[in-house]
Amino acid sequence: MTISHYDVIIIGTGAGGGTLAYRLAPTGKKILILERGSFLPREKANWNTVEVVQKERYHTHEVWYDQKENVINPGTSYFVGGNTKVYGGALFRWREKDFEQVIHKGGISPELSLKYRDFAPYYTQAEKLYQVHGQRGLDPTEPTTNEDYPYPAIAHEPRIQEIHDLLKTKGYHPFYLPLAIKLNEVNRRLSDCIRCNTCDGFPCLVNGKADADVSCIRPAEQYDHVTLITEAKVKRLHTNPSGREIIAVEAEINGEKHLFSSDIVVVSCGAINSAALLLRSANDRHPNGLANSSDQVGRNLMKHQNGAIIGVSLKPNLTEFQKTLAINDFYWGDADFDYPMGHVQLLGKVNADMIAQESPSVLGLSFQEKNAFEAIATHSVDWWLTAEDLPDPNNRVTLRGDSIQLNYTENNTEAYNRLVNRWTQVLKMIGYGERIIPVSFYFRKKLPLQGVAHQCGTCRFGEDPKTSVLDINCRTHDIDNLYVVDGSFFRSSAAVNPTLTIIANALRVGDRLIERMA
């Protein structure tokens with residue numbers, strides 16, 4: 001079998017791999033991008049709630065397992081662009097303190113070797129690349145920066161503006177959610193985004209979402225020396241006899257085995273699948289999995305404590321594009337709780353089909369008529385809450401035959417519970433949360449194990465090879481030409497969406513690779 005050789009092979013096209021490909025494409029180096037999925041089809045079903053939410057049309061049909069060997073149907077997507085094809089586009093910088101050691105009620109969030117100042121210039125580049133809309137100076141927890149967001153904040157619709165104003169009168173600090181969408185509110189005729197009600201959790205039929213496919217892979221593909229192969233599932237990585245170099249990437253394409261070689265190999269499959277690939281590639285020199293002399297590959301899996309609540313009031317909420325507001329007043333705690341609690345942001349607007357999925361549990365009653373679901377959806381405002389989970393070596397990715405097994409136990413739960421209770425109090429105080437419904441529609445009421453959208457931490461970076469998988473530039477300690485560039489490198493998870501930090505890190509590592517190849 002002939003082995004095609006490249007300067008760089010990138011496995012995966014999500015926020016990490018897609019961004020890295022974009023960064024390296026102008027170098028003139030011969031680059032191969034391998035993606036296990038296809039391009040996500042543009043079809044009417046992109047905006048169909050029954051297809052997207054109830055039938056999970058764009059999620060993988062793989063079966064994973066939990067530590068009790070119960071079946072998990074993971075909420076993850078395999079397409080060019082990875083999970084960014086269906087993300088909500090909320091792109092946050094970590095707070096400066098998130099890079100330091102933080103004491104939580106449930107344990108310790110460890111210090112990172114790099115600090116906010118190391119990431120700050122790459123955050124700025126990432127916000128420009130992904131067309132982030134926002135406004136500085138409104139969130140009291142936001143980190144320092146000398147540059148404004150590259151695009152203006154997305155305006156609130158009337159009901160959300162009213163909630164914003166009510167929160168301000170009570171002394172809180174609501175701010176515009178930083179969003180990666182291709183929206184031109186000044187001249188809507190020139191806007192890709194049409195500001196619809198199917199954005200958060202849905203693919204975008206009109207390519208109005210700034211995702212890794214549209215923003216990175218398609219521009220990278222324009223270079224003659226960049227090759228993208230879709231529906232190419234990488235099965236394992238092969239090393240030389242010493243175990244210090246990857247000499248072949250084995251992929252299955254159209255049912256056939258193909259081998260590719262490269263001077264540099266980058267694994268960007270997402271934190272869970274990247275760890276699984278390294279474990280699956282075990283050999284005599286690496287009996288516990290590649291780059292695993294520390295026994296840390298797959299460990300310290302984090303995915304945030306995420307959940308949603310719906311506030312239902314007598315006043316209708318006719319908002320179409322709802323996901324425009326966030327609040328961090330409880331990020332570092334509250335008057336009676338001296339530990340971090342977390343972050344609150346609006347969800348995309350729920351509709352009757354989402355509410356119907358919860359019948360008969362909604363409000364403790366059974367609704368058989370669609371007009372009941374419509375009534376709830378029409379009068380609701382819908383919130384997404386995030387608390388930090390902490391790295392635990394026992395929370396880990398392992399293999400169960402050809403499948404993935406996730407051993408995961410929640411931690412730091414008091415912070416999340418306090419955040420839910422505190423935000424419920426706030427909603428009631430501002431007068432629109434007469435009924436607060438825990439929800440488990442698309443995002444579930446408290447995201448269960450299968451909800452892995454914020455996965456990170458399985459190949460942590462650091463300076464000590466005994467306690468980390470990667471060095472600070474995301475090269476594996478054990479293998480000279482192997483890098484992991486996705487959420488795997490996180491040592492902690494903060495309490496905001498991880499995607500911008502993954503993107504910024506990919507740009508940072510890209511610069512280190514350019515220096516290496518010079």
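This is a quick talk about the empty spaces and the cysteines in this structure.

Okay, before anything else: what we have here is a predicted model.

Let's start with the cavities. How many of 30 Å³ or more are there? The count comes to six. The largest cavity holds about 110 Å³ of space. If you want to find it on screen, look for its lining, which includes Phe92, Arg93, Arg95, Gln135 and Arg136. Asp139, Glu142, Tyr149, Phe175 and Tyr176 are also among the residues around that cavity, and so are two prolines, Pro143 and Pro178. By type, that lining splits into six nonpolar residues, one polar and five charged.

Now the pockets. I'll just take the second largest pocket, with a volume of about 230 Å³. Thirteen residues line it, and the ones nearest its centre are Asn197, Lys349, Val350, Asn351 and Ala377. Which helices feed into this one? Both α7 (352-356) and α8 (370-378) supply at least two lining residues each, and α8 gives the most, with three. The lining of this pocket divides into four nonpolar, five polar and four charged residues.

Last bit, the cysteines. How many disulfides does the structure hold? Zero. Take Cys269: the nearest cysteine sulfur belongs to Cys459, and that's 10 Å away. Cys269 itself is partly exposed, at 27% relative accessible area. And why is Cys459 not bonded either? Because its closest cysteine sulfur, in Cys474, sits 9.8 Å off, which is too far for a bond. Unlike Cys269, which is partly exposed, Cys459 is buried, with a relative accessible area of 0%.

That's me done, thanks.

Conventions:
Residues are numbered from 1 along each chain as its sequence is written. This is a predicted model: local features need pLDDT of at least 70, side-chain atom pairs count only at pLDDT 80 or more; totals for chains, interfaces and linings use all residues. Side-chain values use heavy atoms; hydrogens and water are left out. On a 1 Å grid over the protein atoms alone, a cavity is a set of points where a 1.4 Å probe fits but cannot get out, and a pocket is an open set with protein on both sides within 12 Å along at least five of seven lines; lining residues have an atom within 4 Å of a point. Grid points are joined across faces, edges and corners, and a volume is the space filled by probe spheres set on the points. Ala, Val, Leu, Ile, Met, Phe, Trp, Tyr, Cys and Pro count as nonpolar, Asp, Glu, Lys and Arg as charged, and the others, Gly among them, as polar. Helices (H or I, at least four residues) and strands (E, at least two) are DSSP runs, numbered from the N terminus. A disulfide is a pair of cysteine sulfur atoms within 2.5 Å. Buried means under 20% relative accessible area, exposed over 50%, partly exposed in between (1.4 Å probe, protein chains only).
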